[in-house]
Structures are given as structure tokens and as C-alpha cells.
Amino acid sequence: SIATAFGKKATSFLCEGDKTIYLAREDRYLAHYFPYQNFPHQIGPIEKNLHEDVYAMVFRSSHANLPFLKETVEAHDSIAFRTWTSSFYSEAYYRGVDKGSALAYLKKSLGFEKEEVYAFGDSLNDLEMLNEAGHPYAVFHCKSSLLSSRFPSTKKGNDQDGVALTLAELFL
């Protein structure tokens with residue numbers, strides 16, 4: 001498994017499944033993004049605790065280990081690797097399973113055209129979703145310079161109701 005191959009090169013490791021979140025150890029920073037305390041979760045060796053297929057993995061490592069981690073993850077054809085901007089965390093996820101594919105599914109299922117969709121993103125994992133939207137916005141002070149350079153930006157950040165203020169400006 002990927003967790004076994006990483007060995008000690010990943011100092012924190014989380015796997016997210018349909019039923020349970022698996023953590024190699026407590027990680028307060030990661031709990032901010034994955035508030036596992038309110039969900040079924042197991043803490044301990046991933047290799048021993050994992051009892052289901054997972055759809056995402058998040059891990060912490062030094063930047064020096066990134067080439068090894070990326071190579072290990074991408075040795076699996078269906079899995080992609082992405083680093084978190086300005087962070088020691090990275091993630092592995094199934095190719096084509098992202099916010100963009102979810103938005104494409106919703107548009108098709110609900111009968112929306114691209115031009116009818118507004119989307120807001122603040123990190124690189126929002127890129128595919130923003131590409132699917134007819135009106136994509138980067139949130140002010142977002143973590144990704146790519147998003148900031150490619151899309152119009154809200155005037156305020158997440159902590160200042162930037163999305164709500166933009167929507168009010170557009171529709172009221």
C-alpha cells in the first residue's frame with residue numbers, strides 16, 4: 001500500500017473512506033480541514049486499521065521527500081498527487097474525481113448550463129471546479145497564485161464574507 005511505501009517519510013497520514021476516517025496519529029492542524037472527531041474514526045497504524053477502500057489520502061512530510069512521495073503515488077495509474085500550497089501537506093486522490101467532476105455531474109443532472117453556474121475557490125484543489133463554472137472567482141487572498149492570476153477575485157476574503165458580498169453585488 002502507499003502508506004507502507006511511505007514509511008517514515010510521512011509524519012502524518014489520513015485516509016478518508018465512506019464509513020471511517022483513518023489517522024496514523026492525532027494531528028490538530030489537519031483536524032481543522034478534516035474534523036474527524038465528529039465522525040467514526042480510528043487512530044493507529046493505517047496498515048492495521050484500514051478496512052475499506054478510501055477515496056482520499058492526506059499526508060505531511062518535509063519538502064525534501066516530495067519527489068519520492070509523488071513518484072510513489074503516481075506509480076498507480078489511477079491516482080494523482082497534489083501538494084497543499086504553502087504547507088507540508090500533500091494529498092493523493094483518484095484522477096478525474098474532484099470538485100470539477102462533481103460540478104459537471106450536478107450541471108448535467110440538474111440541467112444547468114455552464115453560464116448559469118457561479119463558483120468560488122481559494123486553493124488549487126478548486127481549479128477543476130472553477131474551470132467548469134461559467135462565472136469562476138478566486139477568493140481574495142487565496143492560497144493559489146494560479147487561481148489569483150487566472151480568475152477574477154472577490155474583493156474580500158473568506159474571513160470577511162467575500163463570497164456573500166460578491167453574490168450580493170452581482171444579484172442585488
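**Figure 1. F59, a buried residue of this predicted model.** With a relative accessibility of just 1%, F59 counts as buried. F6 counts as buried too, at 1% relative accessibility. The whole chain holds eight aromatic pairs. In one of them, F6 and F59 meet edge-to-face, with 4.8 Å between centres and 80 degrees between the planes. That pair bridges distant parts of the chain: F6 belongs to helix 1 (residues 2–6) and F59 to strand 4 (residues 54–60), 53 residues apart.

**Figure 2. F13 and F59, ring on ring.** Here we look at another partner of F59, namely F13, and both residues are buried. Their ring centres are 5.7 Å apart and the planes make an angle of 20 degrees, so this pair counts as stacked. Since F13 lies in strand 1 (residues 12–17) and F59 in strand 4, the pair ties together parts that are 46 residues apart in sequence. Step back a little and there's a cluster: ring pairs link F6, F13, F59 and F81.

**Figure 3. S90, tucked away in strand 6.** S90 has its place in strand 6, which covers residues 89–94. Its relative accessibility is 1%, so S90 counts as buried. What does S90 touch, leaving aside residues up to four places away in sequence? The list runs M57, V58, F59, L66, F81, R82, T83 and W84. Two of those names, F59 and F81, are familiar from the ring cluster.

**Figure 4. Two charges over rings.** In one spot, K9 puts its charged end over the ring of F68, 4.8 Å from the ring centre. In another, R82 lies over the face of Y93, and the distance to the ring centre is 4.1 Å. R82 also shows up among the residues that S90 touches.

**Figure 5. A nonpolar patch on the surface.** Y105, L106, L110 and F112 make this patch, which comes to about 450 Å². Y105 lies in helix 5 (residues 99–110). With a relative accessible area of 57%, Y105 is exposed. For the protein chain as a whole, the exposed area is about 10,300 Å², and carbon and sulfur atoms supply 55% of it.

**Figure 6. H141 and D161, two loop residues with positive phi.** H141 isn't a glycine, yet its phi is positive, at about 60 degrees. You'll find H141 in the loop between strand 8 (135–138) and helix 7 (145–150). Is H141 buried or exposed? Its relative accessibility is 68%, so H141 counts as exposed. D161 isn't a glycine either, and its phi is also positive, at about 60 degrees. D161 sits in the loop between helix 7 and helix 8 (162–171). With 53% relative accessible area, D161 is exposed.

**Figure 7. Zooming out to the chain around these close-ups.** The secondary structure comes to eight helices and eight strands. Along the principal axes, the C-alpha atoms fill a box of roughly 55 × 35 × 35 Å. The chain has 172 residues, and 42% of them are buried. Take the contacts with a separation of 6 or more: 43% of them are between residues 24 or more positions apart.

Methods: Residues numbered from 1 in each chain as written. Predicted model: local features only at pLDDT ≥ 70, side-chain atom pairs only at ≥ 80, totals over all residues. Heavy atoms only, no water. Patch = residues over 30% accessible without salt bridge, like charges linked within 9 Å, V, L, I, M, F, W, Y side chains within 5 Å. Areas by Shrake-Rupley, 256 points an atom, 1.4 Å probe, with all protein chains shown as cover. Salt bridge = Lys/Arg side-chain N within 4 Å of Asp/Glu carboxyl O. Helix = DSSP H or I, 4+ residues; strand = E, 2+ residues; numbered from the N terminus. Buried < 20%, exposed > 50% of the residue type's maximum accessible area, 1.4 Å probe, protein only. Contact = heavy atoms within 4.5 Å. Phe/Tyr/Trp six-rings, centres within 6.5 Å; stacked < 30°, edge-to-face > 60°. Lys NZ or Arg CZ within 6 Å of the ring centre and 35° of its normal.
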